[in-house]
Structure formats: structure tokens, C-alpha cells
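Reader: I am a first-year student and should be grateful for a close look at a single part of this structure. Would you please choose one part and then place it beside another?

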Amino acid sequence: MNIRVLGEEVSFDAPWAFALLVLVLVAVVLEIRRERQRPAAVLFSSLGLLPVARLSWRIRLRWLLLPIRVLGVSALIAALAAPSVIQASYDVPAEGIDIVVALDVSSSMTNKDFGGETRIDAAKRVINDFLGGLRNDRAGVVIFSAEGLVLSPLTLDYAAAQRLVAPVEPGKVLKDGTAIGTGLATAVNAIRGSTARSKVIVLATDGENNTGDIQPLDAAQMAKLLGVRVYTVGVAPTGKGAGEVDEALMKQMATVAGGQYYRANDAAALRNIYAEITALEKARVGSRGFIETTDATLPFLGIGAVLLALEIVLSTTVFRRTP
């Protein structure tokens, strides 16, 4: 139960306490009835025997005692309802996702046609930023050319994964070629032990499958059986020198494994693709609402105590009734 008090949103964890206001209302009705039926302190045979006198301000304002008492008791009841002031509210994913980034490091990735930089440099920069923006999601990195290699297993240590990605260059570790099936199978093996609700592989390549013992669609079928969604990205800059991406195959792979195919023409598009995939997966797992609050019980107790003390003081001094 939420209400606004003096511009602040206040929630009550025990709203049942407000049922006591019914007793307050009954007490007010009985008090008003008692006052109206109150017998005179001194009896006269005729009102004409009394001198005409104006009512003093004390008598005219004595009715304020009852509202003060009611407000004081109401404040104490509000304190009993466990009030808290809402400072902020936000949603977070219901649980983290596990995501493996699989990157083609074949020699064609050295082509310098991605906005003035090589495809591999642009991809590494985007992956570095992607890893740096994750929160509570485990991430792993796989590189592949003619062979596949788990560069970083699933981890929450994004800085360590970033350090491993930074020195990657085509031809330094793996044989040249483009074994897309092997790359995807290596990524599936890296994520197969995950128990996360959302398991995702994002595979980026700029070429066609031309080597390897594992067929890409077989690897995609393996991912599907393990409940892993596969998103494929064609790194295919437009213009002279652009690599040939087998888009039909990439689309088939994504369809089999419940993902989607994207085409990246430049680094900005690649960055947007990673962001969109992450958003899609977080939408799948849903979110939980969190609210930051500050306990407000003491202020309500203080207000109630002050008002009741004020009513007692006024009723025994300024508004004291003389028999």
C-alpha cells in the first residue's frame, strides 16, 4: 500500500493496522454524542436569570482537542503499519545470463576496411567494450580459424577476459582457415556445463566454412540439444575488399539454434548487435523489481506522541473545563 505524504511516496508493509481507524471513528462518534448530552454543571429555573455573556475564545476553540487527539492516534496507527519512504525503485534481471563470444581470427580479419581499422581490431574493441558493460552475467571468449580455442572460460572477471582478448592476432596461435563448425562446437563445449536460464553464443565471422571436421549445422544442432541459443554475425563491410560471408548458412545456423542472424557493416553496427542480443536475452529471463526505502516508523511515532501530549496539556490548561 503506497500513498504520498508531503510529496514523498510512503509504503506500508502492514496496512491491516489501518483497520484500527474504525475504532477511532466509533470513539469520535461516542465522544460527540457524550458532549451533546452532557448535563449542565449548575441548574437554573430560567435562563433569563443568567446575565448575557459572550463566549470566550477558549470555549469557542475547545473543539480542537478532539481533532488533535484523533490525528495523534492516527499517526500512532500509521507507525504500527510499518511505514517506509521510497527512495528509488528499479528492475534488475531475474538472473544472470551466460554468454560466449566466438570470434573468427582467420587472416581475412586483417583487412583494413572497417572504418579505417582492421576487422580484427574493430571486433576486439567492440568485444572489450561489451565485456566492460556486463553486470552479473558470466562471459567467455572463444577464437577460431582452422581450429578452435577457448580463450577465456565463463567468468565474472571481465577485466581478465579483456586482457586475454587484447593481444589476439590472426595467425599467431591457430592455423589459418575458417572452420565455423569447429568454432561453434568449441563455444558449445565452453558453455555446456552452464545451469543459467539463458545460455547464449554469439559467433562472428567474415568468411565461409572451408575447413574442419565438424559441419556448422551439426554444431548448431548440438547447441539446440543443450539448450544454447546461437546468434550469428556476418562481419561484412561493404565495398572493395569485403569478405564473402555465407549468409544463407549463418541464417540456417541461427534458426536451428533458436537465435538470429545479423550483418555488421562497421564497428558501430557490430557494437549495436551485441547490445541488442544482450537486451533480447535479458528480456527472456525477465526482471525483478527492487525498491530502496528508508524506515519512517519513528517520525510517525514522534508525531503521534507530540499530538497526544499537546492534547493533554491543552485540555488541562488552556481548555480546562470548569465544573
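**A helix and its two faces**

Author: In helix α10 of this predicted model, the buried residues are Thr297, Phe300, Gly304, Leu307, Glu311 and Leu314. These residues lie on the same side of α10, because the arc they cover around the axis is only 150 degrees. The word "buried" is used here for a relative accessible area under 20%, and "exposed" for one over 50%. By that standard, Leu298, Val306 and Ile312 are exposed, and they sit on the face of α10 turned away from its buried side. The helix itself runs through residues 297-316, 20 residues in total. From its first C-alpha to its last it reaches 29 Å, which is close to the 28 Å expected at 1.5 Å a residue.

A sheet may now be set beside this helix. Six strands form an open sheet in the order β6-β5-β4-β7-β8-β9, and their pairing is mixed. At the edges stand β6 (148-155) and β9 (261-264), each of which pairs on one side only. From one strand to the next, the twist averages 15 degrees.

At the β6 edge, the neighbouring strand is β5, residues 138-144, which runs antiparallel to β6 and is joined to it by five bridges. Within this pair, Val142 of β5 stands opposite Val150 in β6. Another helix, α5 (residues 158-165), packs on the sheet and touches both β5 and β6. The direction of α5 makes about 165 degrees with that of β6.

Methods:
Residues are numbered from 1 along each chain as its sequence is written. This is a predicted model: local features need pLDDT of at least 70, side-chain atom pairs count only at pLDDT 80 or more; totals for chains, interfaces and linings use all residues. Side-chain values use heavy atoms; hydrogens and water are left out. Two strands pair if DSSP finds at least two bridges between them. Helices (H or I, at least four residues) and strands (E, at least two) are DSSP runs, numbered from the N terminus. Axes are lines fitted to C-alpha atoms, for helices over the stretch in contact, and angles run from 0 to 180 degrees between N-to-C directions. Contact means heavy atoms within 4.5 Å. The expected span of a helix is 1.5 Å times one less than its number of residues. Buried means under 20% relative accessible area, exposed over 50%, partly exposed in between (1.4 Å probe, protein chains only). The arc is that of the directions from the helix axis to the C-beta atoms.
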